[in-house]
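Trainee: I should like to learn how to read this structure, feature by feature. May we begin once it is displayed?

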Amino acid sequence: MPRTVLVTGGAGYIGSHTCAELLEHDYDVVVVDDYSNSSPAALGRVQEVAGRPLISVPADMRDRRALDAIFEKHSIDAVIHFAAKKAIGESMNIPLVYYDVNLGGTTNLLHSMQRHGVQKIVFSSSCSIYGESSRARLSEDEEPRPTNPYARSKWMCEQVIRDACKRCPEMSAISLRYFNPIGAHPSGLLGEVPAGLPNNVVPYLMQVAVGRLKRLSVFGSDYDTPDGTAVRDYVHVLDVVAGHRAALEHLDEETGTQLFNLGTGVGTSVLQLVAALSEACGRPLPYELADRRPGDVATLVADSDRIHRAWGWRPVHGLKEMCRDAWRFQRMNPRGYTAPR
Ligand code: UD1
């Protein structure tokens with residue numbers, strides 16, 4: 001089983017929680033991150049949570065020399081690849097940057113892995129690649145119909161990885177298509193800290209809760225959903241992290257590519273989410289109804305039977321815990337990682 005894991009984007013939201021989990025399970029961890037949407041302080045917190053050190057290398061994934069230097073210096077057994085740009089709206093304004101960073105970063109990484117004989121990778125993919133669908137729950141067999149450059153870049157990366165595996169029969173790759181990860185580490189030390197104005201609904205609502213933002217704009221109230229607002233499958237970041245650890249543990253079993261959804265199968269509308277977070281914070285969070293956000297779809301809910309059948313993975317945290325943990329982190333860190341607790 002892999003013992004030293006390179007985590008790209010390890011200072012980010014899902015990356016930092018994954019690093020803590022890996023350290024706690026005796027993996028050695030090397031992080032590469034350019035801190036473009038994260039902070040080195042996150043890695044300090046990871047080490048505090050886990051009680052063990054990790055190695056961090058500040059670098060851009062497009063910097064081939066920097067990646068080569070990491071593989072030369074450290075004996076890497078497997079890679080978990082999170083580093084990417086991930087704001088859907090932004091991806092529609094600067095598509096080439098998204099392809100450059102997400103696709104270019106991934107091909108660079110695969111090249112570097114091949115040059116250094118590293119054959120195992122877990123890739124952070126996204127449910128957004130499914131796009132608009134009439135199905136209540138989406139399985140991995142659903143035909144991808146990405147509706148924006150971010151989603152398309154993730155789908156392309158999956159295909160690039162598949163082609164790399166075909167060429168290199170020793171390689172083993174697992175792509176995990178997450179639905180909407182939210183929540184935070186129960187210690188209150190790790191959570192989601194976006195740089196600048198949050199794009200995603202939970203970080204935005206958390207800043208409303210601490211008075212840094214006035215109210216949430218609910219993007220779209222005329223969708224074909226029970227209350228007219230968009231429905232998503234919110235999944236606790238700890239369950240997503242557990243999926244990554246399971247993936248690492250199963251990389252040895254099969255060569256080639258495997259693909260799994262990570263979601264709960266439970267759909268929650270934006271208004272239901274506002275209500276659940278309001279309950280967690282103990283006060284109603286203000287919102288207003290607004291126009292739809294370009295690139296959004298009405299409903300995305302996972303069918304995660306495949307990963308359950310393969311590895312027994314099941315989400316163990318419900319929406320209430322996701323909201324409680326997100327709020328605990330926000331309360332303890334109202335200004336993110338930089339300000340004193
Ligand atoms: C999307 C992707 C997800 C990806 C993530 C990365 C989809 C379905 N999912 O999540 O795979 O990993 O981006 O950023 O494409 N909303 C508001 N007001 C806001 C912000 C959001 O009403 O200020 C609504 C959105 O319209 C959406 C829901 O809240 O219906 C969730 O939005 P968000 O948290 O941004 O995640 P997705 O766009 O679903």
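Mentor: Let us begin with helix 11, residues 319–332. Helices (H or I, at least four residues) and strands (E, at least two) are DSSP runs, numbered from the N terminus. The expected span of a helix is 1.5 Å times one less than its number of residues. Helix 11 has 14 residues, so at 1.5 Å a residue it should span 20 Å, and its end C-alpha atoms are indeed 20 Å apart. Please note that this is a predicted model, in which local features need pLDDT of at least 70 and side-chain atom pairs count only at pLDDT 80 or more, while totals for chains, interfaces and linings use all residues. Residues are numbered from 1 along each chain as its sequence is written, and side-chain values use heavy atoms, with hydrogens and water left out.

Trainee: Which residues of helix 11 are buried?

Mentor: Buried means under 20% relative accessible area, exposed over 50%, and partly exposed in between (1.4 Å probe, protein chains only). In helix 11 the buried residues are Met-322, Cys-323, Asp-325, Ala-326, Trp-327, Arg-328, Phe-329 and Gln-330. Their cover includes helix 2 (40–50), strand 7 (180–182), helix 7 (201–209), strand 10 (234–236) and helix 9 (270–281).

Trainee: How should I read the surroundings of the ligand?

Mentor: A residue is near a molecule or strand if one of its heavy atoms lies within 4 Å of it. Here 23 residues surround the ligand, and the closest are Lys-86, Ser-126, Ser-217, Arg-232 and Asp-296. By class, the shell holds 13 nonpolar, 6 polar and 4 charged residues. Strand 8 (residues 216–219) gives the most to that shell, with 4 residues.

Trainee: Which side chains have a polar atom beside an oxygen atom of the ligand?

Mentor: A polar contact is a pair of N or O atoms within 3.5 Å; within protein, one must be able to donate a hydrogen and the other to accept it, and residues adjacent in sequence count only if both atoms are side-chain atoms. An N or O atom in the side chain of Asn-180 is 2.8 Å from a ligand oxygen, a polar side-chain atom of Asn-200 lies 3.0 Å from one, and for the side chain of Arg-232 the distance is 2.7 Å. Taken alone, the ligand exposes 730 Å², of which the protein buries 94%.

Trainee: Is Glu-140 buried or exposed?

Mentor: Glu-140 is buried, with a relative accessible area of 8%. Glu-140 is found in the loop between strand 5 (120–126) and helix 6 (149–167). Its side chain reaches the backbone nitrogen of Asn-261 at 2.7 Å. Contact means heavy atoms within 4.5 Å. Leaving aside neighbours within four places in sequence, the contacts of Glu-140 include Tyr-130, Arg-177, Leu-259 and Asp-303.

Trainee: Where is Ser-91 placed?

Mentor: Ser-91 is in helix 4 (residues 88–93), and at 0% relative accessibility it counts as buried. A polar atom of the Ser-91 side chain lies 3.1 Å from the backbone nitrogen of Tyr-150. The C-alpha atoms of Ser-91 and Asn-148 are separated by 7.0 Å, although the two are 57 residues apart along the chain.

Trainee: Which residue other than glycine has a positive phi near 70°?

Mentor: That is Asp-26, in the loop between helix 1 (13–24) and strand 2 (28–33). Asp-26 counts as exposed, at 55% relative accessibility. Tyr-35, also not a glycine, has a positive phi of about 60° and lies in the loop between strand 2 and helix 2.

Technical notes:
Accessible areas come from the Shrake-Rupley method with a 1.4 Å probe; for residues, only the protein chains shown count as cover. Ala, Val, Leu, Ile, Met, Phe, Trp, Tyr, Cys and Pro count as nonpolar, Asp, Glu, Lys and Arg as charged, and the others, Gly among them, as polar.
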